[in-house]
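Subject: Model handover and notes

Hello,

Please find the structure below. My notes on it follow.

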Amino acid sequence: MIFGRRLPLPATRGRRIALGCALVAGGILGFLPILGFWMIPLGLFVLSQDLPVVRRWRRRATLRWGRRGGRRPRPPSGSPTSGGRGAI
């Protein structure tokens, strides 16, 4: 499931690996029309179903993303980077 939608993947391992490699290869050519750099993460996601190395990368990225969870440190209200007027 991706973003709450269920996407069917090929049933055989070989076809999933071929699809994932094709998506990554197409993503590398993302500067061409129709192909895009969005294909690289999608291909890695498909490959993570069958390749333990890619699965570990995906899991680490998911954990890092979850830890961030929108909790970015906010600068103090009087600092120049906060967007407020501050004491200048």
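Does A18 count as buried, partly exposed or exposed? At a relative accessibility of 47%, A18 counts as partly exposed, because the buried class ends at 20% and the exposed class starts over 50%. Please keep in mind throughout that this is a predicted model.

Overall content

The protein chain has 3 helices and 0 strands. Read from the N terminus, its elements follow the order α-α-α. The chain has 88 residues, and 18% of them are buried. Taking the contacts between residues at least 6 apart in sequence, 29% join residues at least 24 apart.

The α1/α2 pair

Two packed helices are described by the angle between their axes and the distance between the axes. Helix α1 covers residues 13-28 and helix α2 covers residues 39-47. The two pack at an angle of about 160°, and their axes are 7 Å apart. An angle over 145 degrees counts as roughly antiparallel, so α1 and α2 are roughly antiparallel to each other. Their crossing is left-handed.

On the α1 side, the residues that meet α2 are R16, I17, L19, G20, C21, L23, V24, G26, G27 and I28. On the α2 side, they are M39, I40, L42, G43, L44, V46 and L47. Sorted by class, this contact has 12 nonpolar, 4 polar and 1 charged residues.

Two C-alpha distances go with this pairing. L42, which is found in helix α2, lies 7.7 Å from V24, C-alpha to C-alpha, with their positions 18 residues apart in sequence. L42 is partly exposed, at a relative accessible area of 29%. A18 belongs to helix α1, and its C-alpha atom is separated by 8.7 Å from that of L47, 29 residues apart along the chain.

R16 and D50

Which residues does R16 contact once its neighbours within four places in sequence are left aside? They are L9, P10, A11, V46, Q49 and D50. R16 is found in helix α1. Its relative accessibility is 16%, and since buried means under 20%, R16 counts as buried. The R16 side chain reaches the backbone oxygen of A11 at 3.0 Å.

The side chain of R16 also takes part in a polar contact with the side chain of D50, at 2.8 Å. D50 is located in the loop between α2 and α3. With a relative accessibility of 11%, D50 likewise falls under the 20% limit and therefore counts as buried. With neighbours within four places in sequence left aside, D50 is in contact with R13, R16, I17 and R55.

L51

Where does L51 lie? L51 is in the loop between α2 and α3, the latter helix spanning 52-68. L51 has a relative accessibility of 27% and so counts as partly exposed. Not counting residues up to four places away in sequence, L51 touches R13 and I17. The C-alpha atoms of L51 and I17 are separated by 8.4 Å, while the two residues are 34 apart along the chain. R13 and I17 also appear in the contact list of D50.

In short

The points I would look at on screen are the roughly antiparallel arrangement of α1 and α2, the polar contact between the side chains of D50 and R16, and the contacts of L51 with R13 and I17.

Regards

Technical notes
Residues are numbered from 1 along each chain as its sequence is written. This is a predicted model: local features need pLDDT of at least 70, side-chain atom pairs count only at pLDDT 80 or more; totals for chains, interfaces and linings use all residues. Side-chain values use heavy atoms; hydrogens and water are left out. Axes are lines fitted to C-alpha atoms, for helices over the stretch in contact, and angles run from 0 to 180 degrees between N-to-C directions. Helices (H or I, at least four residues) and strands (E, at least two) are DSSP runs, numbered from the N terminus. Angles under 35 degrees count as roughly parallel, over 145 as roughly antiparallel, 65 to 115 as roughly perpendicular and the rest as oblique. A crossing is left-handed if the near helix is turned anticlockwise from the far one by less than a right angle, and right-handed if clockwise. Contact means heavy atoms within 4.5 Å. Ala, Val, Leu, Ile, Met, Phe, Trp, Tyr, Cys and Pro count as nonpolar, Asp, Glu, Lys and Arg as charged, and the others, Gly among them, as polar. Buried means under 20% relative accessible area, exposed over 50%, partly exposed in between (1.4 Å probe, protein chains only). A polar contact is a pair of N or O atoms within 3.5 Å; within protein, one must be able to donate a hydrogen and the other to accept it, and residues adjacent in sequence count only if both atoms are side-chain atoms.
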